[in-house]
Amino acid sequence: MLELKNIYFERDNKKILDDINLKIENDKFVVITGPNGSGKSTLAKIIMGIEKPDKGQIIFDGKDITDMTIDERANLGMGFAFQQPVKFKGITVYDLIKLSSKNKDLKKLEACNILSKVGLCAKEYVDREVNSSLSGGELKRIEIASVATRNSKLTIFDEPEAGIDLWSFNSLIKIFEEIHEATKGTTIIISHQERILNIADKVILMKQGKIEKVGGKEELLETVPEKPKCCKLGGNE
């Protein structure tokens, strides 16, 4: 179980997160949504240890992890996919997936199968470097593939739909369901996308640094603010 107690965070004298209290049970698929600037991504980074709260406590599987590093949290079984993926000069896509996997004997064919699931032609990508020659969408899909191989107890995705085309987005929905089923762990996704909200066990609505409401998708879909029409092809919607 993940538990956040009285989490407070500010930046440049501005409240970003204000007294966040939240419990997320094991084996749940959770979506955190809300308007831009509501603190969603900051909350995700605080859970992973990328940012440290000014006040409050984070409990994971009964252990206080508030002061733990990112590496220590990863060793406990936490994984994170950034909204803006990181580049790794000199490391190939296969290297990254193998490093991310708990299976250090991961074969190239297995890595290719994972890449195919996120909409990449494996033979064109598996030996490429993870650098600026790749587009933002390609980097995003490669990062999601690398996170998917970890089989973490808790996996966090920060707006995974960003930069993803329609075909790949449809595949990603299946990937998230497969990750959740295979790991029997908890998946947290930061997203505005209604199709992602539709596969959630629990939806958390944030506004102005606070948790506005927590409930099932049916209960909250009507109250979710703007749903950007990304991942559509053609038209001027």
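Is Asp 61 buried, partly exposed or exposed, and what is its relative accessible area? In this predicted model, Asp 61 is partly exposed, with a relative accessible area of 39%. The residue lies in the loop between strands E4 and E5. Although Asp 61 is not a glycine, its phi is positive, at about 50°. The two strands flanking this loop form a hairpin with 2 residues between them.

The strands of the hairpin run antiparallel and are joined by 2 bridges, with E5 comprising residues 63-64. The bridge partner of Phe 60 in E5 is Lys 63, and that of Ile 59 is Asp 64. E4, which spans residues 55-60, also pairs with strand E1, residues 2-11. This pairing is antiparallel and extends over 5 bridges. Within it, Tyr 8 stands opposite Lys 55 of E4.

These strands belong to an open sheet of 4 strands, arranged in the order E2-E1-E4-E5 with antiparallel pairing. Its edges are formed by E2 (14-24) and E5, each of which pairs on one side only. Helix H1, residues 40-48, packs on this sheet and touches E1, E2 and E4. The direction of H1 makes about 120° with that of E1.

A second open sheet consists of 6 strands in the order E6-E9-E10-E3-E11-E12, and its pairing is mixed. Strands E6 (78-81) and E12 (210-215) stand at the edges with a single partner strand each, so one side of each is left without a neighbour in the sheet. Direction ignored, neighbouring strands of this sheet are turned by 15° against each other on average. One of the pairings is that of E3 with E11 (residues 202-207), which is parallel and comprises 4 bridges. Here Val 31 stands opposite Val 203 of E11. H1 packs on this sheet as well, where it touches E3, E6, E9 (154-158), E10 (186-190) and E11. The direction of the helix makes about 145° with that of E6.

H1 thus has contacts with strands of the 4-stranded sheet and with strands of the 6-stranded sheet. Of its 9 residues, 8 are buried, so the helix is largely enclosed by the rest of the structure. The buried residues are Lys 40, Ser 41, Thr 42, Leu 43, Ala 44, Ile 46, Ile 47 and Met 48. Just after the helix, Gly 49 adopts a positive phi of about 95°.

The burial pattern of helix H4, residues 108-117, was examined in the same terms. Its buried residues are Ala 111, Cys 112, Ile 114 and Leu 115. Because these residues cover an arc of only 160° around the axis, they are placed on the same side of H4. The elements covering them include helices H3 (93-100), H5 (122-125) and H6 (136-148). Just after H4, Gly 119 takes a positive phi of about 85°.

A positive phi also occurs at Asp 27, which is not a glycine and has a value of about 60°. Asp 27 is found in the loop between E2 and E3, the latter spanning residues 29-33. The residue is partly exposed, with a relative accessible area of 35%. Asp 61 likewise falls in the partly exposed class, at 39%.

The surroundings of Thr 92 were also considered. Thr 92 is found in strand E7, which spans residues 88-92. With a relative accessible area of 18%, the residue falls under the 20% limit and is therefore buried. The side chain of Thr 92 makes a polar contact with the side chain of Asp 95, at 3.0 Å. Not counting residues up to four places away in sequence, Thr 92 touches Val 126, Asp 127, Arg 128, Glu 129 and Val 130.

Terms used
Residues are numbered from 1 along each chain as its sequence is written. This is a predicted model: local features need pLDDT of at least 70, side-chain atom pairs count only at pLDDT 80 or more; totals for chains, interfaces and linings use all residues. Side-chain values use heavy atoms; hydrogens and water are left out. Two strands pair if DSSP finds at least two bridges between them. Buried means under 20% relative accessible area, exposed over 50%, partly exposed in between (1.4 Å probe, protein chains only). A polar contact is a pair of N or O atoms within 3.5 Å; within protein, one must be able to donate a hydrogen and the other to accept it, and residues adjacent in sequence count only if both atoms are side-chain atoms. Contact means heavy atoms within 4.5 Å. Axes are lines fitted to C-alpha atoms, for helices over the stretch in contact, and angles run from 0 to 180 degrees between N-to-C directions. The arc is that of the directions from the helix axis to the C-beta atoms.
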